[in-house]
Amino acid sequence: MPRFSIIVPVFKVQGYLHACLDSVLGQSYRDIEVIAVDDRSPDGCGEILDAYAARDDRVRVLHLPENVGLGRARNAGLAHATGDYLFFLDSDDTLTPGALRALADRLEETGDPDVLVFDYARTHWWGGTRRNVLAHVLATEDVFTAAERPEILDLLMVVWNKVYRRDFVEREGFTFPPGYYEDTPWTFPVMLSAERIATLDRICLYYRQRRQGSILSTTSRKHFDVHEQYARVFRFVDARPALAHWRPFLHAKMGEHCLDILSKPDRLPPSDKGEFFRRTAEMFRAHRPEGVRVPAGLRVLEGGYAGYLARRQAGRAGRELGRRARQARGAAAARVARGRSALNLHRPLDADLAVYSAFSHRGVLGDPAAIHRAARELAPHLRNVWVLAGEEQAAGLPPDTEYVLLDSPDYRRVTERATYFVNNVNWPGALVKRPGSVHVHTHQGTPLKYMGADLLGRPGARLGVDVPRMLRRADRWDYSLVANRHSELVWERAFPCHFTSLRTGSPRNDVLVGAGPDDVRAARERLGVPDGDTVVLYAPTRRDYRRGGLVERIDPARFAADLGDGHTLVVRLHPSLADGPARGLGLAELHRRGVVVDATDEPLQDVLLAADVLVTDYSSIMFDYANLDRPIVIHADDWDAFRASRGAYVDITAEAPGHVSRSYRELAWLFDSGTWRDEESARLRSAFRARYCEFDDGRAAERVVRTLMLGEAPSGAARLPSQATSPDLLIPS
């Protein structure tokens, strides 16, 4: 008996069917049966299914004699299912890598619940990916009922974001009705009847948003089926007195759902919208529970269709008026701000005011944070102010850290008067650089991939990046900090602007150069690493050949298992992926279960200090980590694609800081054999450190403060004019 019966109804999806089946049959978890139901598809779907069944004995194909629709096709597959759990997968959707293993592990962890609800992401035909906005509802470890956690019913009420215990479904006699919206009279009865519901906070399915061909986006009178589907739900509840308290909730859901269908421009023929409204209103009145107050948004169903249209038109008019009013207020505020700025720009600069920002105002981070700490110690007379994007970024700051919010009046006041500006990302375009102000650009580490003007020849990499505007903003830089001569030359080429290169080293790496055993111990304790474990840090970067930047090169669960006991795998995603679907594709769930440590939000230098070895592809943190003189492994299985799409200043496979793996098999062997820390690894790392850690001596932040803020003569770092005045000085000696 297989663990999962995956039922796939198939109709006119030959262009998507291969991807769907490959995503299932290619899973590492193989205890499954696939029941593919050919719903008399007129295209080549039947032949495709037969070919898969001939190659894989886990696939069975049912060829229906006539087209019966999605619900009845699922019923046909259900009758042949033998697995412990049922998974209804639409044939144009796909499973994410590792999804079935994650589901199986969660079912075992929660003691085989009646229903397991998991997360999904919408994948749009134009390439965008968007995670379910209610994913937080799934972040619970408890097993519960819908009555105990009714917010579970706020999720999209579809059949394919859940797996169902087969004996529970058979005992209750659940089946799918014919018609559109067949998920409604399945999902509500199932969820209200389940005595044990569990959740999995992991994206297990990509829900394909097709440009055309989707049933629900087809203009048709079949959308009237929604009324009968809700009637089935009410009949189910009426037959079970214990569920009577759900009637107000279902009544409101029905009204919201029908009004949503009516509001969509592509669902109903225009001539049928009045009839649809009237039928909805009749049903709304017929099923209204006694003594229940109708929500304000649904009161329109107590009137006529003309009133509904008038309200819709008034709503559109109100939104347009609001938009124009906001524009007018914004224009007036801009005029006032320009007038105030003009007055303030004639006032003298505050020689003791320094303003900081990092990573587009995300917090007190990186090189600017290191300079800020040094300034507070060495120049206590300075007033140091951070610019933050919002109060969320300010939540974890020490109480004595002064900050302003971007674009606020306080922000304008400090940026109009400050003498020192320290940032690792360009300041907003509206910020005016005043004569006498000192702009220090720290960058974000040593560059491996193309940056700035070099992106002009890489159209894929500069998608959404306005390079000329970037350079205009970089014209405000006075100083560019560099950690090595390689960076010095790259920044001069990539940003042909009037700045002075300053060989300071990377301020953020001061803590790495000067770290002692107590610092390492504290960093490991912060991450929860068991005493004696070898910490393997996996830090992948983003890819420019994939929209969104996410490409999964290594399965963290498999890597952690292959490393074995005595090892802790720490994963740190690229900052640009931290808020996207990447963590929902398994990382958050693996962290919850203790399989890996998700250190994406932890301070970078703490994570580096805790690691005994770094495994990365092409992340620039390899240059930082080299300061610790610990082993580095480069996993370069897509180096050619990465270099072709983004461009690279260094062939990191030829000038690697350690061993290079070209496949996961090679990577696993490096660790299994102990080769990752052999003499050759040390030799490669020594040459790498000599080139790229050239100016990192633990005093970079101090050097910046003393040289640029206190006006002392530079010590230990050369101060080089910009390429515009003396290009020969930038040639490495």
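Visitor: What makes the span of helix 24 close to the expected one?
Guide: Helix 24 (residues 679–692; a DSSP run of H or I, at least four residues, numbered from the N terminus) has 14 residues and reaches 20 Å from its first C-alpha to its last. The expected span, 1.5 Å times one less than the number of residues, is likewise 20 Å. This is a predicted model, in which local features need pLDDT of at least 70 and side-chain atom pairs count only at pLDDT 80 or more, while totals for chains, interfaces and linings use all residues. Residues are numbered from 1 along each chain as its sequence is written, and side-chain values use heavy atoms, without hydrogens and water.

Visitor: Why are the buried residues of helix 24 said to lie on the same side?
Guide: Ser681, Arg685, Phe688 and Tyr692 are buried, that is, under 20% relative accessible area with a 1.4 Å probe and protein chains only, whereas exposed means over 50%. Their arc, taken from the directions from the helix axis to the C-beta atoms, is only 65°, which therefore puts them on the same side of helix 24. The face turned away from that buried side carries the exposed Glu679 and Ala690.

Visitor: What makes Asp678 a cap of helix 24?
Guide: A side-chain oxygen of Asp678 lies 3.3 Å from the backbone nitrogen of Glu680, at the N-terminal end of helix 24.

Visitor: How do you know that strand 10 pairs with strand 13?
Guide: Pairing requires at least two bridges found by DSSP, and five bridges join strand 10 (residues 350–357) to strand 13 (residues 418–423), running parallel. One of the bridge partners is Val422, for Tyr356.

Key:
Helix = DSSP H or I, 4+ residues; strand = E, 2+ residues; numbered from the N terminus. Polar contact = N/O pair within 3.5 Å; in protein donor to acceptor, adjacent residues only side chain to side chain.
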